[in-house]
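Subject: Structure handover and notes

Dear colleague,

I am passing on the structure that we discussed, with the sequence alongside. Please have both open while you read the notes below.

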Amino acid sequence: MSAGGGNCAGGATGPTSGARIFRVRSGTIIREGRGPTCELAALMVGERGRVVRVKSANARLLQKLLAMAVLPGSEVTVNLTFPAFVLEVGNTRVAIDRSIARQIEVERLTRLDGRPRNAGG
């Protein structure tokens, strides 16, 4: 979770440069982002986000997310949040547990009203 409680709307910000992918010794995969980040679990139905980082040292989990195309740089749309998180990744829908959604850090791409984050008004 980012500083600020993982609330995308708050002041928490992630890294601020480029789009490089790193794999660090702990197994965590990081993609440097451009804006505020939060846990995927913080997004609501209909919201979109770009995966910035997967916070896990579990190789099996990382392989599973890679197979589902949930990796840094991927854009996801939340279709359902209960009883599991159902995400749309490209043309594919995948389901993950809330505990996994908490380990995925995203940059929110849509505001709470559904408009793009950089839209005026």
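A good place to begin is the hairpin of β6 and β7, which has 2 residues between its strands and in which Gly 90 takes a positive phi near 65°. This is a predicted model, in which local features need pLDDT of at least 70 and side-chain atom pairs count only at pLDDT 80 or more, while totals for chains, interfaces and linings use all residues. Residues are numbered from 1 along each chain as its sequence is written, and side-chain values use heavy atoms, with hydrogens and water left out. Strands (E, at least two residues) and helices (H or I, at least four) are DSSP runs, numbered from the N terminus.

The two strands of this hairpin pair in the antiparallel sense over 5 bridges, where pairing requires that DSSP finds at least two bridges between two strands. Within the pair, Leu 87 stands opposite Val 94 in β7.

Leu 87 also belongs to the largest nonpolar core, which has 22 residues, and is listed with Leu 40, Leu 65, Val 70, Ile 96 and Ile 104 as having the most contacts inside it. Such a core is a set of buried Ala, Val, Leu, Ile, Met, Phe, Trp, Tyr and Cys residues joined through side-chain atoms within 4.5 Å; buried means under 20% relative accessible area, exposed over 50% and partly exposed in between, with a 1.4 Å probe and protein chains only. Among the elements that give two or more residues to this core are β4, α1 (59-67), β5 (75-80) and β8 (104-108).

Where does Leu 40 lie? Leu 40 is placed in the loop between β3 (37-39) and β4 (48-54), and it is buried, with a relative accessible area of 1%. Leaving aside residues up to four places away in sequence, Leu 40 touches several residues, including Val 76, Phe 85, Leu 87 and Ile 104, a contact being heavy atoms within 4.5 Å. With the same exclusion, Leu 65 touches Val 54, Val 70, Ile 96, Ile 100 and Ile 104.

The last element to look at is β8, of which 5 of the 5 residues are buried, so that it is largely enclosed by the rest of the structure. Both of its faces are covered, with Ile 104, Val 106 and Arg 108 buried on one side and Glu 105 and Glu 107 buried on the other. β8 pairs in the antiparallel sense with β3 over 3 bridges, and 5 bridges join it to β4, again antiparallel. Glu 105 is the bridge partner of Glu 39, and Arg 53 also stands opposite Glu 105.

With best wishes
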